[in-house]
Amino acid sequence: PIDPLVIFTPSGKRGRFPAGTPVLTAARQLGVDLDSVCGGRGICSKCQVSPGVGAFSKHGVTVSADALSPWNAVEERYRSKRGLAEGRRLGCQARIEGDVVIDVPPESQVHRQVVRKRAEAREITLDPATRLHYVEVEQPDMHEPSGDFERLAAALEAQWGVAGLTAGLDILAGLQAALRKGGWKVTCAVHAAGGAPELVSLWPGFHEGSVFGLAIDLGSTTIAAHLCDLQSGEVRASSGLMNPQIRFGEDLMSRVSYAMMNPGGAVEMTRAVREALGTLTAQIAAEAGIDPALILEAVVVCNPVMHHLVLGLDPVELGQAPFALTVSGALNLSAADIGLPLAPAAKLYVLPCIAGHVGADAAAVALSEAPNRSEELMLVVDVGTNAEILLGNRERVLACSSPTGPAFEGAQISSGQRAAPGAIERVEIDPATKEPRFRVIGSELWSDAPGFAEAVAATGITGICGSGIIEAIAEMRMAGLVDAGGLIGSAGQAGTARLVPEGRTHAYVLHDGRETGGPFITVTQGDVRAIQLAKSALYAGARLLMDQMGVDTVDRVVLAGAFGAHISPRHAMVLGMIPDCPLDKVSSAGNAAGTGARIALLNVAARREVEALVRTIVKVETAVEPRFQEHFVNANAIPHATDPFPNLAA
Ligand code: FES
């Protein structure tokens, strides 16, 4: 008789196997993506499948109810102790007896698609560097004098094909106790990212529950992290805090100067940022309710100065031409090297830097937004204290960074504050009456809606955040309260009680809560100047890349960065932050650098991808490019002194 036919869905892979072949074995032989941590011992339940019954017209097979073997003792034991959902079987126990169609549900696939967050440009296929393997190890024997580690390594090779295992002293120190406690059965966490596989954690017996990784976006002003489940790809918690290095200088160059001027200054800044990463780790683990010792690896993306400071490298060379990095390539380190309080043997991957001014954060944005895969010419702007700018398509990608300063993050703004509940984030000004209305973070209501006062009673109205100040100034420009030169209340524009004198200039009153002891929130001339400087730097950087590319327009603009995601495209264009482009072609990517870190954490192949991509990106150095100054000056006007903005008129 001919062997039974097995068809796996959704892959469609099929083959004939002798009756009695376990489903997991058939899946392995066909290259079907079916997970297993226990190696077919009926312990982990990662191999669950759903066999179909009935006629499958698409596949031309009719499946009888007895196409799989009846439940054996192992499967029964699992079902009675842990339970199995209706229709599910353990792939390692169920054997093929007749023609069958077997569905592999998403949670049983190793390389499953990770649930995509809103605004994420690409799918993430789960393929982490760290995997769990359950093994049974030979007991020692006086006639066979090999070490426990060697027998563990041999078991991993024989049972999982993991060859050439290595381990550090931290792990070896606990190895004998774990093996004996587990009765020579242990769960190993093995990290393999191109080099020799390394044992990074070990549990006696079968390790229930998951293991985790941390994706860290280390910015000059804020540090953000995502805690990801390495077995499902799910984000279990996200958290952030202010970079404590702000006290040494708000922007990057002032931190480099601090290191130059103060002996031991760099060491002090290294200590500060490492401490903050420790705090953030504890915070995020607590939020997810997990032990930080279950975090087995971290990925860090950051700009070149933060890169050097967190690694304990002197950043002084980054402050002067030719802006040489100590090391630009990707780094495979131990988390302990930078004092991250994760599992003792946890690993650390640092994305490569593109150039002395264009860091691993820009590399992460390139990985997440993938301009190199785009047909259209894409401008990606990661708005932060330092803006990272990428321009390109399939043919080539250019990158630069531009020192925008912290104004976009609400710093240097008279009523500025971080984006937090109570901050004004949306502004509209009636061009006829010049009256404003606004929304604050934490409430859906506009300030002129009934119930607004009650809605914001808990937080109050505390200040104005980056997106709020951009909208306020753009709205002031559209309402004729600010001229193209950035002057508030110049001749012919006054005539509203909302404009009040401030020294020799004017300020626009956005909110006056003084009667009730609240704040007096205005947009001052100084605020407009600060935003003009920041937006000119941003625009000039983009424009410089466009010159290099030989173009005057771009097809698409992506605003990235924790703050970039909140900017309204129209207001950004009214202000001239970004070059003209059809408004429906301007989109937000959220924290693209953080997403890039997450991609590199969850998919080990993406690390090779970004390393290769970085080698092809052409870097443009704004600091030594004379055209940058010229573009900067022209971009000071709102929206611009010379460049046309046809899409704004439309
Ligand atoms: Fe672990 Fe089947 S492979 S239960």
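This passage describes the overall make-up of a predicted protein model, one of its sheets, and the helices that pack around the sheet or against each other.

The model is a prediction, and its protein chain contains 16 helices and 33 strands. Along the principal axes, the C-alpha atoms of the chain fill a box of roughly 95 × 65 × 55 Å. Of the 650 residues in the chain, 50% are buried. Among contacts with a separation of 6 or more, 67% join residues that lie 24 or more positions apart.

One part of the model is an open sheet of six strands, arranged in the order β18-β17-β16-β19-β21-β20 with mixed pairing. The strands β18 (235-242) and β20 (331-334) stand at the edges; each has a single partner strand, so one side of each is left without a neighbour in the sheet. On average, neighbouring strands of this sheet are turned by 20° against each other when direction is ignored. As background, strands of a sheet pair through backbone hydrogen bonds, in either a parallel or an antiparallel manner.

Both kinds of pairing can be followed in this sheet. β16 and β17 pair in the antiparallel sense over seven bridges, and the two strands form a hairpin with three residues between them. Within this pair, the bridge partner of D217 is A224 in β17. β17 also pairs with β18, again in the antiparallel sense and over seven bridges. In that pairing, I223 stands opposite L241 of β18. A hairpin is formed by β17 and β18 as well, with five residues between them, and G233 in its turn has a positive phi of about 85°. Strand β17 is mostly covered, since seven of its eight residues are buried. Parallel pairing is found between strand β19 (residues 295-302) and strand β21 (residues 347-350), which are joined over four bridges. Here V300 has V350 of β21 as its bridge partner.

Residue A298 illustrates the surroundings of a position within the sheet. A298 belongs to strand β19 and is buried, because 26 other C-beta atoms lie within 10 Å, where 20 or more are required for a residue to count as buried. When neighbours within four places in sequence are left aside, A298 is in contact with G213, L214, I216, A335, L340, L342, A346 and L348. The C-alpha atoms of A298 and C228 are separated by 9.8 Å, although these residues are 70 positions apart along the chain.

Two helices lie across strands of the sheet. Helix α6 (residues 265-288) lies across β16 (212-218), β17 (222-229), β18 and β19, and runs at about 145° to β18. Helix α13 (residues 592-602) lies across β16, β17, β19 and β21, and runs at about 150° to β16. α13 is mostly covered, with 11 of its 11 residues buried; among them are R598, I599 and L601.

Helices also pack against one another in this model. In general, two packed helices are described by the angle between their axes and by the distance between those axes. Helix α11 (residues 525-549) and helix α15 (residues 626-634) pack at an angle of about 130°, with their axes 8 Å apart. The angle makes α11 oblique to α15, and the crossing of these two helices is right-handed. The contact is made by S536, A537, A540, R543, L544 and D547 of α11, together with R627, F628, H631 and F632 of α15. Sorted by class, this contact has five nonpolar, two polar and three charged residues.

A second helix pair is formed by α8 (residues 360-369) and α14 (residues 604-616), which pack at an angle of about 115° with their axes 10 Å apart. The two helices are therefore roughly perpendicular to each other. α8 passes α14 in a right-handed crossing. A363, A366 and L367 of α8 make the contact with A606, E609, V610, L613 and V614 of α14. By class, the contact of α8 with α14 has seven nonpolar residues, no polar residues and one charged residue.

How values were computed
Residues numbered from 1 in each chain as written. Predicted model: local features only at pLDDT ≥ 70, side-chain atom pairs only at ≥ 80, totals over all residues. Buried ≥ 20, exposed ≤ 12 C-beta atoms within 10 Å, placed from the backbone. Contact = placed C-beta atoms within 7 Å. Pairing = 2+ DSSP bridges. Axes fitted to C-alpha atoms, helices over the stretch in contact; angles between N-to-C directions. Parallel < 35°, antiparallel > 145°, perpendicular 65-115°, else oblique. Left-handed = near helix turned anticlockwise from the far one by under 90°. Nonpolar A, V, L, I, M, F, W, Y, C, P; charged D, E, K, R; others polar.
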